[in-house]
Amino acid sequence: MCRSIKTLRPPALAEEATQDEIRAAALQYVRKVSGFRAPAAHNQEVFDEAVERIARATAELLDGLEVRGAARRA
């Protein structure tokens, strides 16, 4: 769906994903799903909240994943 979103877990990513990388992936996802690169002023709050929620969910997912052959995030 979002080809510009890269895999953020080892071994695809050599090091732990940064918060900036997680947020960038969340932003790309919200842009794709909403169809807006930048929302109108009346949609900005809900757009930003969606990005933040997806970033949090992504961080939780990455924290919980157990990837064979890779160290678990601390």
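These are my notes on helix 2, the core it contributes to and the loop before it, taken from a predicted model.

**Entry 1: helix 2.** I looked up its extent. Helix 2 covers residues 44–64, 21 residues in total. From first C-alpha to last I noted a reach of 30 Å, close to the 30 Å expected at 1.5 Å a residue.

**Entry 2: its two sides.** Which residues of helix 2 are buried? I listed F47, V51, A55, T58, A59 and L62. Looking down the helix axis, I found these buried residues within an arc of 105°, so they line one face of the helix. On the other side I noted E45, V46, R53 and E60 as exposed.

**Entry 3: what the buried face meets.** I checked the packing partner next. The buried residues of helix 2 pack against helix 1, residues 19–34. I took V51 as a case: leaving out residues up to four places away in sequence, V51 touches R23, A26, L27 and V30.

**Entry 4: the core.** I then turned to the largest nonpolar core, which has 13 residues. The members touching the most others are L8, A17, I22, F47, V51 and L62. Helix 1 and helix 2 are the elements that give two or more residues to this core. I add a general remark: in soluble globular proteins, nonpolar side chains tend to be buried together.

**Entry 5: P39.** Where does P39 sit? I found P39 in the loop between helix 1 and helix 2. Is P39 buried or exposed? P39 has a relative accessible area of 13%, so I put it down as buried, the cut-off being under 20%. Beyond its neighbours within four places in sequence, P39 is in contact with Q44 and F47.

Terms used
Residues are numbered from 1 along each chain as its sequence is written. This is a predicted model: local features need pLDDT of at least 70, side-chain atom pairs count only at pLDDT 80 or more; totals for chains, interfaces and linings use all residues. Side-chain values use heavy atoms; hydrogens and water are left out. Helices (H or I, at least four residues) and strands (E, at least two) are DSSP runs, numbered from the N terminus. The expected span of a helix is 1.5 Å times one less than its number of residues. Buried means under 20% relative accessible area, exposed over 50%, partly exposed in between (1.4 Å probe, protein chains only). The arc is that of the directions from the helix axis to the C-beta atoms. Contact means heavy atoms within 4.5 Å. A nonpolar core is a set of buried Ala, Val, Leu, Ile, Met, Phe, Trp, Tyr and Cys residues joined through side-chain atoms within 4.5 Å.
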